[in-house]
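Visitor: I would like a close look at a single part of this protein, one strand and what lies around it. Please take me through it slowly, and then outward to the rest of the chain.

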Amino acid sequence: MISYSGYNSVELFVNGENWEVIIKPSETLLSILRDKIGLTGPKVGCENGDCGACTVLLDGQPVKSCLVLGVEAIGKSVVTVEGLHKTEAQKAFVEEGGFQCGYCTAGFIVNTYALLEEIPDANVSEKVEWLSSNLCRCTGYENIQKAVDSAQRMKK
Ligand code: FES
Ligand code: FES
């Protein structure tokens, strides 16, 4: 097992590109993506794993990037909302107006994408359960649900 201390130059594979970044072992993937790679799609919300605004894909699985250390992402594929710009999930959120202030939207899009990859035929309760890890303070969820349904239809 490699052990890291102090500052380290490491390579991260994000949205299909290699990025060489200098990080401390204690830095979260969220702060590295935003502050060192310049990807501000993942948002800083609770920084406690509760809100889902920071959701990204790590080797295809949705994770809260505020709870993942950068060193844990070495050798894995990271995808942020910026890497999903031509997907049904992103298109559907735009078309259905699945947002108001937009702060939660990147997390919802990433998690919707992951849901439709994992369970393309998800029923209502599966969709609600899957997306319960993401919180929105603005929309009342109605248009978010419409966007998820629309993305699911587009993918078929
Ligand atoms: S900022 Fe990561 S879950 Fe809220
Ligand atoms: S659109 Fe504002 S928090 Fe969801």
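Guide: A residue is called buried here when its relative accessible area is under 20%, and exposed when that area is over 50%, with partly exposed in between. With that cut-off in hand, and keeping in mind that this is a predicted model, we can begin with strand β3, which spans residues 55-58.

Strand β3 is covered on both of its faces, for Thr55 and Leu57 on one side are buried, and so are Val56 and Leu58 on the other. As a general point, side chains in a regular strand alternate between the two faces of the sheet.

The sheet to which β3 belongs is an open one of five strands with mixed pairing, and their order is β2-β1-β5-β3-β4. Its edges are formed by β2 (17-23) and β4, each of which pairs on one side only. On average, and with direction ignored, neighbouring strands of this sheet are turned by 40° against each other.

On one flank, β3 and β4 run antiparallel and are joined by four bridges, and within this pairing Val56 has Val63 of β4 as its bridge partner. The two strands form a hairpin with two residues between them, and Asp59, in the turn, has a positive phi of about 50°. On the other flank, β3 pairs with β5, again in the antiparallel sense, over two bridges. Here Leu58 has Val78 of β5 as its bridge partner, while Leu57 stands opposite Val79 in that strand.

Just beyond β4 (61-64), in the loop that leads to β5 (77-79), lies Ser65. Ser65 counts as buried because its relative accessibility is 0%. Apart from its neighbours within four places in sequence, Ser65 is in contact with Val56 of our strand's residues and also with Thr28, Leu29, Leu30, Pro42 and Cys54.

Two helices also bear on β3. Helix α1 (residues 29-36) lies across β1 (8-14), β2, β3 and β5, and runs at about 105° to β2. Helix α3 (residues 105-118) packs on the sheet as well, touching β3 and β4, with a direction that makes about 40° with that of β3.

From helix α3 we can move outward to the nonpolar interior. The largest nonpolar core has 22 residues, and the members that touch the most others are Phe93, Phe108, Leu115, Ile144 and Val148. Helices α2, α3 and α5 each supply at least two residues of this core, and α3 gives the most, with seven residues. Taking Val148 as one of these members, and not counting residues up to four places away in sequence, we find that it touches Phe93, Thr112, Leu115, Lys127 and Leu131. There is also a second, separate core of 17 residues, which includes Val10, Leu29, Ile32 and Ile37.

The charged side chains complete the view. Side chains of opposite charge can pair when their charged atoms come close. In this model the count comes to six salt bridges, and three of them can be followed in turn.

Among them is the pair of Lys91 and Glu95, whose side chains meet at 3.8 Å, N to O. Lys91 and Glu95 both lie in helix α2 (residues 88-96), four residues apart, or about one turn of the helix. Lys91 is partly exposed, with a relative accessible area of 45%.

A second pair brings us back to helix α3, for Lys155 and Glu117 form a salt bridge at 2.9 Å, N to O. This pair links distant parts of the chain, with Lys155 in helix α5 (residues 142-155) and Glu117 in helix α3, 38 residues apart. Lys155 is partly exposed, at a relative accessible area of 35%, and Glu117 is likewise partly exposed, at 44%.

The third pair is Asp121 with Lys156, where the closest N and O atoms are 3.5 Å apart. Asp121 lies in the loop between α3 and α4 (124-130) and Lys156 in the segment after α5, so this salt bridge ties together parts that are 35 residues apart in sequence. Asp121 counts as exposed because its relative accessible area is 59%, and Lys156 is exposed too, with a relative accessible area of 70%.

Methods. Residues numbered from 1 in each chain as written. Chains lettered and ligands numbered in written order. Predicted model: local features only at pLDDT ≥ 70, side-chain atom pairs only at ≥ 80, totals over all residues. Heavy atoms only, no water. Buried < 20%, exposed > 50% of the residue type's maximum accessible area, 1.4 Å probe, protein only. Contact = heavy atoms within 4.5 Å. Pairing = 2+ DSSP bridges. Axes fitted to C-alpha atoms, helices over the stretch in contact; angles between N-to-C directions. Salt bridge = Lys/Arg side-chain N within 4 Å of Asp/Glu carboxyl O. Core = buried A, V, L, I, M, F, W, Y, C linked by side-chain atoms within 4.5 Å.
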